[in-house]
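Visitor: I am new to this structure and would like a close look at a single part of it. Could you walk me through it?

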Amino acid sequence: MEAQTAWYATYQELADTSPAHGTAAHRRRPQELSRRIAGHPYWQTAAGTPAARIALKELARAKAQS
């Protein structure tokens, strides 16, 4: 949940950052977080279904926007 919430927050920062101010660090962070999320052992279990992935994204997006 932490990594997915950070992903949404970082993505929003990237959207809000002017390209003139350098976005390389902001672009690397979502990639790093995506690797952490996708590589989490939970997704290798029976509970790690596509529906669980969508639920995680919805909860994390709501948390990041609040």
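How many salt bridges does a search of the whole structure find?

Guide: Happy to help! This is a predicted model, where local features need pLDDT (the predictor's confidence in each residue, from 0 to 100) of at least 70 and side-chain atom pairs count only at pLDDT 80 or more, while totals for chains, interfaces and linings use all residues. Residues are numbered from 1 along each chain as its sequence is written, and side-chain values use heavy atoms, with hydrogens and water left out.

Searching the whole structure turns up one salt bridge, meaning a side-chain nitrogen of Lys or Arg within 4 Å of a carboxyl oxygen of Asp or Glu. The partners are Arg 29 and Glu 32, whose closest N and O atoms are 3.1 Å apart. Both belong to helix α2, residues 24–38, and sit three residues apart, about one turn of the helix. Helices here are DSSP runs of H or I with at least four residues, numbered from the N terminus.

Now for the surroundings of this pair. Glu 32 has a relative accessible area of 35%, so Glu 32 is partly exposed. Arg 29 is partly exposed too, because its relative accessibility is 31%. Partly exposed lies between buried, under 20% relative accessible area, and exposed, over 50% (1.4 Å probe, protein chains only).

How confident is the prediction here? The protein chain averages a pLDDT of 90, and 97% of the residues score at least 70. Confidence is lowest in α2, the helix of our pair, at a mean of 88, and highest in helix α3, residues 50–65, at 95.

Key: Helices (H or I, at least four residues) and strands (E, at least two) are DSSP runs, numbered from the N terminus.
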